[in-house]
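Hi everyone, thanks for making time. I'd like to walk you through a structure that's probably new to you, so let me put it up on the screen.

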Amino acid sequence: MYILGYNCVTAAGFGADKLMDALYSGRDCSQSQEDGGRICFIPRGVEPKQNFQQRFQSYLHKLWSSLGLSAEITTDLKKTRVAFLFSSTKGIVEDYVWTEIEIRNHEDPFHAVYSQFTDAYPEINWTLKCNISNACSSSHLAFEYAQDLFAQDRIDYAFVFASDLIGPFIYKGFFSLKVASLTTCQPFAASRDGLQLGDAAALILLSKDKKSGLKIADVASETEGTSITRPSMSGEGLFKAISKMSQSYKIAPDLIVAHGTGTRFNDQSEDLAFQKCFTSYPKVPVTGTKWAIGHTLGASGAIDLIAACELLKNKKSFSLQNTPEKDPTLKMNYLTKGSSSPEHLKQVLISSLGFGGVHAALLLEKEDQL
Amino acid sequence: MKATVDLQRTAEPAWSQKVERWYQLDETAYGFCEALHQWEYLKDLKKPDVILLALEGASNLADVDFVQTGASSPAKFVYTLPNICVSVIFQMLGTSGKVYCLNQGATTYKFAKTEAEYFAKSGKTVWFFSSSYKINGESREFEFEAFDFYEAHPS
């Protein structure tokens, strides 16, 4: 499937260009919190206080307007079959979870987000609308779901809106798990001590066969039950997800954009999985985004995909600029601070791991017309 | 196939050895374990290409439980994602695979079931797990259904 348009808002600011500025310049967008830990918040001006539902709508409408869709596609969206897939872990839960409510009768925290938005565009032929919530791999699973819908010939276009916004519920939860870094997020470094959370919203338009130069060649996932919070520590889960793709597509990435949260378990698991997958490519470089804009949970796969699209356009990778040296126990070729970009960039693998034993991988390819 | 599960935990369950920290399971994960213990025949079925999970209310119950117990318990927080109970289901079944956790507000159940039929028509074997948060006294209903290509295309 092809990527026809995308944009995002992160702690680096509004727009994919702001995201890339932070990644290329080495700007860590996190802010320290009073009770320890660091969070990468989307910059907010002096607008009136908004609840989470209002913030989702505001970002979504702004992203929609910024896509700059051609007249041909705009017409197509009215006549053909269009899906809207909302990828998120917690949606608008912060708007109601702290108050007294009849929770057994309360709707899920996702439906209000996409239904209010799609209702605002009745001229578009929405044939399928839903949320996919598979923890921090929700974006990858939304892309995989779109891939299945295209394969079943049920849709012509899919919008994937991927977003999670950090509030006290998420922050207190991750803090309780003791996985939030108290210093700085340093993926794949020996001194890594955890992740930093981040706000983000991303909107991506996909088509099955309208060529754009940026192609999601394949996406696959594998969920297992070995542990609720830890990934497959042998790397087997991610290895299986990548292997599922290799059954249908030749995988020879020039770069890996790793999930790279900066936790000891995540980074070790990914290193082992990549070693198993790329025995003939031990030098394939590995980078990531979370050191700059935080772990954006259900949006993280979409943000990594946008960053990968941009680096393919720019023909220049970014590095892990908070990581001075890689952990010597890890074997892959990590692009630590000061590393130069690989010269040849055509195919990028993007990995994702999530609670509940989710492992996923996506293969992005630049076609010659770009 | 439906199972009505008694949510009162009065003794160690027969399946406790299969699941990591069974005593910390939230209501939904516990209920699925009890139901799977009743649905022993699942081990004889063809393994699915995809599992669809439909929980009306997503993880709302676990979310409120985390908050109402002080928002500081990691054991409570890990259940505040709707897909977590699939990890527990896989521990019970001793398997792994592809899972979509789908939500569509009040129509979640109907939507996910229709999706299961579409996937079956495209040649996939689908397992569908569902439960709503409605309780009857101390019990709650859990549902399983297998869909496959042959049922979707009866001869």
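Okay, so where do the two chains meet? The contact involves 48 residues of chain B and 51 residues of chain A. Before I go on, please keep in mind that this is a predicted model.

How much area do chain B and chain A bury between them? It's about 4000 Å², and 59% of that is on carbon and sulfur atoms. If you want names to look for on the chain B side, try B:Asn60, B:Phe77 and B:Tyr100. Those three supply 14% of the area that chain B buries against chain A, more than any other three residues.

Now for the charged pairs. Side chains of opposite charge can pair when their charged atoms come close. Between chain B and chain A we count five salt bridges. One of them you can find on the screen: B:Asp63 with A:Lys90, at 2.9 Å from N to O. As for polar contacts, there are 26 residue pairs between chain B and chain A, with both partners at pLDDT 80 or more.

Which parts of chain B touch chain A? Several elements supply at least two residues each: the helices α2 (60-68), α3 (74-77), α4 (84-93) and α5 (108-121), plus the strands β3 (99-103) and β4 (126-136). The largest share comes from α2(B), with six residues. And if you sort that side of chain B by class, you get 25 nonpolar, 17 polar and six charged residues.

There's some strand pairing across the chains, too. Strand β6 of chain A, residues 126-132, pairs with β3(B) in the antiparallel sense, over two bridges. To see it residue by residue, look at A:Ile132, which stands opposite B:Leu102.

Let's move inside chain A. Here there's an open sheet of three strands, in the order β3-β4-β8, with mixed pairing. Which strands are at the edges? Those are β3 (31-32) and β8 of chain A, each pairing on one side only. β3(A) runs antiparallel to β4(A), residues 38-40, and two bridges join them. In that pairing, A:Gln31 sits opposite A:Ile39.

Next, salt bridges over the whole structure: the search finds 22 over all chains. One that I'd point out is A:Asp76 with A:Lys210, whose closest N and O atoms are 3.7 Å apart. A:Asp76 is in helix α3 of chain A, residues 71-79, and A:Lys210 is in the loop between β9 (200-207) and β10 (214-223), so this pair ties together parts that are 134 residues apart in sequence.

Last topic, the aromatics. We count 34 aromatic pairs over all chains. A:Phe188 and A:Tyr334 make a stacked one, 4.3 Å centre to centre with 20 degrees between the planes. Why show you this pair? A:Phe188 lies in the loop between α6 (168-176) and β8 (197-198) of chain A, while A:Tyr334 is in strand β13 (residues 333-334), so the two tie together parts that are 146 residues apart in sequence.

That's it from me, thanks!

Definitions and conventions: Residues numbered from 1 in each chain as written. Chains lettered and ligands numbered in written order. Predicted model: local features only at pLDDT ≥ 70, side-chain atom pairs only at ≥ 80, totals over all residues. Heavy atoms only, no water. Contact = heavy atoms within 4.5 Å. Buried area = accessible area lost by both parts, 1.4 Å probe. Salt bridge = Lys/Arg side-chain N within 4 Å of Asp/Glu carboxyl O. Polar contact = N/O pair within 3.5 Å; in protein donor to acceptor, adjacent residues only side chain to side chain. Helix = DSSP H or I, 4+ residues; strand = E, 2+ residues; numbered from the N terminus. Nonpolar A, V, L, I, M, F, W, Y, C, P; charged D, E, K, R; others polar. Pairing = 2+ DSSP bridges. Phe/Tyr/Trp six-rings, centres within 6.5 Å; stacked < 30°, edge-to-face > 60°.
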